[in-house]
Amino acid sequence: MSERFILTLSCPDERGIVAAVAGFLAGQDCNILESAQFDDLETGRFFLRMLFTSEAGVSGETLRAAFGAIARRYAMDWHINDATHRPRTFLLVSKFGHCLHDLLYRHEIGALPIHIAGIVSNHVDFRGVAEARGIPFHHIPVPRDGKAEAEAQLFDLFEREQGELVILARYMQVLSDDLSARLAGRAINIHHSFLPSFKGAKPYHQAHARGVKLIGATAHYVTPDLDEGPIIEQEAIRVDHGMSADEMVAAGRDVETVVLARAVTWHAERRVLLNGSRTVVFR
């Protein structure tokens with residue numbers, strides 16, 4: 001079977017980019033299977049994702065070395081990755097386990113293209129869940145006066161185990177500005193409301209008190225600006241006056257799991273490209 005690769009790039013927009021890329025791939029005996037592009041007219045920036053095969057068995061290293069000339073010509077921010085690569089991922093969780101269980105199930109049935117390198121928690125509630133699946137469990141308490149030490153331990157684990165992605169699967173700790181910056185573009189959070197509305201604690205209770213008719217969830221990249229990172233995916237469901245706050249919470253849990261799974265999948269498949277404070281998502 002031919003090797004498959006994914007090319008992603010962004011650069012200032014100008015004529016000839018697609019032709020140059022397609023011509024390069026043809027010259028390397030590659031066949032394009034998928035191609036998606038977006039020209040942001042507001043910023044003048046161009047985005048592209050291509051899935052292609054190397055019919056001649058050319059290695060990724062060779063392709064990357066040869067593509068450098070084109071990338072420099074157009075000032076590209078680019079990557080060529082093995083399409084079968086599964087990013088080494090750490091799942092962070094506190095006491096709410098619905099997102100964790102959903103991600104584990106999807107991973108077990110082959111529907112989530114990541115490698116779970118470990119589960120990290122500031123509590124011990126899910127140790128058994130991890131051990132039953134043979135996944136390393138790391139208990140890193142976060143005492144009120146020891147947050148910096150806990151985050152240092154977490155980042156050391158991430159680096160030591162060659163982590164590539166962190167998923168905050170209802171991890172109820174706010175990451176510091178420093179750690180958020182270190183994990184820029186590599187940490188995904190699920191927020192249990194539409195952002196930026198109903199921030200803070202008990203968003204469903206806030207929504208219930210306001211009599212909302214739609215509730216939802218937002219998956220976004222973590223940044224030093226709390227709950228304001230680039231949004232990857234959102235979803236909503238209808239609610240009505242007959243639902244209690246607890247019923248809204250239950251309905252919201254389902255939305256959170258779906259939205260987070262989509263965001264993780266799209267990130268792992270390199271369908272998400274950062275565009276300043278926003279994202280371009282090639283679904």
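A pocket, as the word is used here, is an open set of grid points with protein on both sides within 12 Å along at least five of seven lines, and its lining residues have an atom within 4 Å of a point. With that in hand, let us walk through this predicted model, starting with its largest pocket.

The largest pocket has a volume of about 510 Å³. Its lining is made up of 18 residues, and those nearest the centre are His 79, Gly 185, His 267, Arg 270 and Val 272. Four elements each give two or more residues to this lining: strand E1 (3-12), strand E4 (77-82), helix H8 (245-268) and strand E12 (272-275). By residue class, the lining of the largest pocket holds eight nonpolar, five polar and five charged residues. Where does the largest pocket lie with respect to domain 1 and domain 2? Domain 1 (3-82) and domain 2 (88-281) both give residues to the lining, so the largest pocket lies between them.

Arg 270 is worth a pause. This residue sits in the loop between H8 and E12, and its phi is positive, near 55 degrees, although Arg 270 is a residue other than glycine. With a relative accessibility of 26%, Arg 270 counts as partly exposed. Ala 75 also has a positive phi, of about 55 degrees, without being a glycine. You will find Ala 75 in the loop between helix H2 (60-73) and E4; its relative accessible area of 48% makes it partly exposed.

Residues 6-85 carry the annotation "domain: ACT" in an unreviewed UniProt entry. The end C-alpha atoms of this span are 10 Å apart, and the span is 31% helix and 42% strand.

Now for the second largest pocket, which holds about 380 Å³ of space. It is lined by 20 residues, with Gln 173, Val 174, Asn 189, Leu 226 and Asp 227 nearest its centre. Strand E9 (residues 187-191) is the element that gives the most to this lining, namely three residues. The lining of the second largest pocket divides into nine nonpolar, eight polar and three charged residues.

Asp 227 deserves a closer look, since the unreviewed UniProt entry annotates it as "active site". Asp 227 is located in the loop between strand E10 (214-221) and strand E11 (231-238). Is Asp 227 buried or exposed? Its relative accessibility is 13%, so Asp 227 counts as buried, the cut-off being under 20%.

From the pockets we can turn to enclosed space. The structure holds one cavity of 30 Å³ or more, and about 60 Å³ of space lies in the largest cavity. Helix H5 (residues 147-160) gives the most to the lining of the largest cavity, with four residues. Among the lining residues are Val 120, Ile 140, Tyr 171 and Gln 173. The lining comprises seven nonpolar residues, one polar residue and two charged ones. Gln 173 links two parts of this tour: it lines the largest cavity, and it is one of the residues nearest the centre of the second largest pocket.

Our last stop is helix H3 (residues 98-108), whose buried residues are His 98, Cys 99, Leu 100, Asp 102, Leu 103 and Leu 104. These buried residues pack against strand E5 (88-93), strand E6 (115-121), helix H4 (127-132), strand E8 (165-168), E9 and H8. After H3 comes Gly 110, with a positive phi near 80 degrees.

Conventions
Residues numbered from 1 in each chain as written. Predicted model: local features only at pLDDT ≥ 70, side-chain atom pairs only at ≥ 80, totals over all residues. Heavy atoms only, no water. 1 Å grid on protein atoms, 1.4 Å probe; cavity = no way out; pocket = protein on both sides within 12 Å on 5 of 7 lines; lining within 4 Å. Points joined across faces, edges and corners; volume = space filled by probe spheres on them. Nonpolar A, V, L, I, M, F, W, Y, C, P; charged D, E, K, R; others polar. Domains from an automatic or database assignment. UniProt positions renumbered as here; feature names shortened; annotations may be inferred. Buried < 20%, exposed > 50% of the residue type's maximum accessible area, 1.4 Å probe, protein only. Contact = heavy atoms within 4.5 Å.
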